[in-house]
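Student: I am new to this structure and would like a close look at a single part. Please take the largest pocket, and describe the sheets and helices that go with the elements of its lining.

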Amino acid sequence: MTAPEQPSSDAAVPAEQPVGRATGLIHHAYEPPGGFGSVQPGVFKASTVFFQDTAALKAREWKDKSGYTYGLHGTPTTFTLEERLATLEGGRQCLLAPSGLSALTLVAQSLLKAGDEVLLPDNVYAPNRDFTRVELAHWGVTHRVYDPMDPASLAGLINERTRLLWLEAPGSVTLEFPDLQALLAVARQHPRLVVALDNTWGAGLAFNPFELGVAGGQASSGVDISVHALTKYPSGGGDVLMGSVVTRDEALHLQLKLTHMRLGLGVGANDAEALLRGLPSLALRYAAHDRATRAVAQWLAGRDEFTQVLHPALPESPGHAAWAQVATQAGGLVSVVFDHRRFGADRVDAFVDALRLFRIGYSWGGPVSLVMPYSLRGMRQFGPLAGRGDDTLVRFAIGLEEVDDLLADLDQALKVLG
């Protein structure tokens, strides 16, 4: 027996009213029965959202997720993804952006105005630094750079104009891990200062950015904002660009959300679907990346071709003790430094080109291991790498291949160095 047709909430043309075939297809009265359940949530695609009547139009609210008004302001698919991401990172509210960089710039555009200042760590994600240095400067926002490994240097920079403090854990490319608790203890002496963390590496799993404990006897509840490039681990396939901004404070979330609306930021339903499919396996994949990368890092540390191996779980890596205080995992990145006096940039490039399983490409968090060479010239103002401008750093993003196969690939490629 066929289930009875449900009344339409879209004011479909009554069945008894004669209409043309095209009109009948567009305004068909059938609605499927409710109560359907499956492993994956439904995918809703919409720019236009229907209202039952003008009263519903005037009463509908989107800011608290109690209703739908327009595709950019949310659908069941994006609301579901936002709620799950907020849970992942230990927050209460989440906004989605078209990329990780878009999420970073949303924070700055929402919180800063002409005359304000933002503080960046020396090891900040380079596109965030460039946006601050160029775009924000055009709008009258200044910035200064602090040494993330020296909380005292941060204390000396904060003034009455400072409104936003960025944290990076670990450092982009160079992977030194700052003392987040100590940095937060400094920041919390200035109530008007908003603290934002690029938490892409931690993925909401290595540590909880909103609960970072106590440093030096002073309570530190955690950051105000966690930004996440969902392009990396949550996607897991190297095929989706998306970012998120997670908060706990309702007023701060609303401020960000209104800027998000005015900028017209949105994500595609199929991209949201891909993220929702990836999230259930995120913890398993992250743990696999973590185990494999620790094994690779240990192997690299035993080679004499490198002057330094950078990975937070290695005791000799900068910031290891700070990592051990707050984190339980160490992600899928490891970097090595070549001394230019032994191996010039051309020879390092030959090593990278000789790799067979490691593919040359940006980003990380997917199944394929990646490699990328960087010149250290101008990369750091502070720390031991600041004076090594002629040396070359190579970053490895460890994928989901067998570890023994990756080690064999590294071993054969290192032979080109002689």
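Tutor: What follows describes the largest pocket and then the two sheets whose strands appear in its lining. The model is predicted.

The largest pocket holds about 760 Å³ of space. Its lining counts 38 residues, and the closest to the pocket centre are Tyr-125, Ala-126, Pro-127, Ser-172 and Arg-395. Two helices, H4 (100-111) and H5 (126-138), and two strands, E8 and E13, each give two or more residues to the lining. By residue type, the lining divides into 19 nonpolar, 11 polar and 8 charged residues.

Take strand E8 and its sheet to begin with. E8 belongs to an open sheet of 7 strands, ordered E1-E9-E8-E5-E4-E2-E3, with mixed pairing. At the edges of this sheet are E1 (93-97) and E3 (142-146), each of which pairs on one side only. From one strand to the next, the twist averages 20°. E8 covers residues 225-229 and pairs with E9, residues 243-247, in the antiparallel sense over 5 bridges. Within this pairing, Ile-225 has Thr-247 of E9 as its bridge partner. Helix H8 (residues 250-263) packs on the sheet and touches E1, E8 and E9, with a direction about 20° from that of E1. Helix H3 (residues 76-89) also lies across E1, E8 and E9, but runs at about 120° to E1.

Strand E13 leads to the other sheet. Here 5 strands form an open sheet in the order E10-E11-E14-E13-E12, and the pairing is again mixed. Its edge strands, E10 (308-310) and E12 (359-360), each pair on one side only. E13 spans residues 370-375 and is paired with E14, residues 392-397, in the antiparallel sense over 6 bridges. In this pair, Leu-370 stands opposite Ala-397 of E14. Helix H10 (residues 282-301) packs on the sheet, where it touches E10, E11 (333-338) and E14, and its direction makes about 15° with that of E11. Helix H12 (residues 345-354) packs on the sheet as well, touching E11, E12, E13 and E14; the direction of H12 makes about 15° with that of E14.

To return to the pocket: E8, from the sheet of 7 strands, and E13, from the sheet of 5 strands, are among the elements that give two or more residues to its lining.

Technical notes: Residues are numbered from 1 along each chain as its sequence is written. This is a predicted model: local features need pLDDT of at least 70, side-chain atom pairs count only at pLDDT 80 or more; totals for chains, interfaces and linings use all residues. Side-chain values use heavy atoms; hydrogens and water are left out. Two strands pair if DSSP finds at least two bridges between them. Helices (H or I, at least four residues) and strands (E, at least two) are DSSP runs, numbered from the N terminus. Contact means heavy atoms within 4.5 Å. Axes are lines fitted to C-alpha atoms, for helices over the stretch in contact, and angles run from 0 to 180 degrees between N-to-C directions. On a 1 Å grid over the protein atoms alone, a cavity is a set of points where a 1.4 Å probe fits but cannot get out, and a pocket is an open set with protein on both sides within 12 Å along at least five of seven lines; lining residues have an atom within 4 Å of a point. Grid points are joined across faces, edges and corners, and a volume is the space filled by probe spheres set on the points. Ala, Val, Leu, Ile, Met, Phe, Trp, Tyr, Cys and Pro count as nonpolar, Asp, Glu, Lys and Arg as charged, and the others, Gly among them, as polar.
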